[in-house]
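Please open the model in your viewer and keep the sequence panel beside it, as each stop on this tour begins with a selection.

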Amino acid sequence: MNKKWMIGTLALSLGLVSAGSGALAATPAAGDTAIKTVAASAPGKEGPATINNLTAKSIIPLLVHAKKLYTYASGSGNFLGAEKFDYNGLEYRYLSSDLGTRQQLMNYIKRGFTHNAAAFYVQTQFLEMKGRMAQVNADVGNHLQFDKATAVMVSKTATTAVFELSVPQESGQGENAAVVVKLKKVNGYWRIDMSPDTLF
């Protein structure tokens with residue numbers, strides 16, 4: 001049995017790639033590191049967004065991926081000099097053109113979250129002004145290192161799961177934060193079923 005085939009079988013059984021992704025053909029036969037590379041690459045294709053076998057280990061890349069989605073959206077997208085305006089006594093900034101419409105923003109957030117979680121987040125954290133999406137001009141988010149978290153499965157069915165995580169602080173000081181994560185299976189793949197702003 002050749003090594004590439006064995007690694008591919010292992011990655012598929014762990015839920016790190018989907019059976020039809022074709023991602024394994026280019027995967028170097030380098031043992032465990034090759035599996036991690038596949039799991040962390042190309043979010044939305046063969047990466048963390050296509051985890052179908054959820055475990056205490058495979059949830060971590062999904063959370064790291066989801067935090068990147070949240071950080072990008074909550075930072076107004078791909079530009080720094082955002083166009084700003086005042087509304088109801090608050091300063092707002094428009095999102096970049098790739099997140100500029102409600103549908104674009106929803107589609108982006110749904111790469112790691114369920115439809116309901118994305119809809120709640122968009123409804124409560126963004127404002128639609130003149131057909132464009134905007135948000136309060138402020139920094140948001142926590143400083144937890146989800147890439148260094150450890151997870152314990154609390155419950156799991158065929159379509160739902162709950163994990164409890166111990167997540168270190170970025171500064172390395174203070175105790176780890178206890179974080180509960182709820183997930184739901186959508187079209188065969190696991191998605192976080194809580195609003196990004198309540199998690200990150």
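The expected span of a helix is taken as 1.5 Å times one less than its number of residues. Bearing in mind that this is a predicted model, select helix 3, residues 59-74, and place a distance between its end C-alpha atoms: they are 22 Å apart, which agrees with the 22 Å that its 16 residues should span at 1.5 Å a residue.

Keeping helix 3 selected, colour its buried residues, which are Ile59, Ile60, Leu62, Leu63, His65, Ala66, Lys67, Leu69, Tyr70, Ala73 and Ser74. An α-helix has 3.6 residues a turn, so residues three or four places apart point the same way. Stepping past the end of helix 3, you come to serine 76, whose phi is positive, near 70 degrees.

Next, add helix 4, residues 102-109, whose axis comes within 10 Å of that of helix 3 and crosses it at roughly 155 degrees. Because angles over 145 degrees count as roughly antiparallel, the two helices, 3 and 4, are described in that way. To see the contact itself, show Lys68, Leu69, Tyr72 and Ala73 on helix 3 together with Leu105, Tyr108 and Ile109 on helix 4; by class, this contact has 6 nonpolar residues, 1 charged residue and no polar ones.

For the last stop, move to glutamine 145, in the loop that lies between strand 4 (132-136) and strand 5 (150-156). Is glutamine 145 buried or exposed? Its relative accessible area is 18%, and glutamine 145 is therefore buried, the cut-off being under 20%. Leaving aside residues up to four places away in sequence, glutamine 145 touches Val167, Pro168, Gln169 and Glu170.

Definitions and conventions. Residues are numbered from 1 along each chain as its sequence is written. This is a predicted model: local features need pLDDT of at least 70, side-chain atom pairs count only at pLDDT 80 or more; totals for chains, interfaces and linings use all residues. Side-chain values use heavy atoms; hydrogens and water are left out. Buried means under 20% relative accessible area, exposed over 50%, partly exposed in between (1.4 Å probe, protein chains only). Contact means heavy atoms within 4.5 Å. Axes are lines fitted to C-alpha atoms, for helices over the stretch in contact, and angles run from 0 to 180 degrees between N-to-C directions. Angles under 35 degrees count as roughly parallel, over 145 as roughly antiparallel, 65 to 115 as roughly perpendicular and the rest as oblique. Ala, Val, Leu, Ile, Met, Phe, Trp, Tyr, Cys and Pro count as nonpolar, Asp, Glu, Lys and Arg as charged, and the others, Gly among them, as polar.
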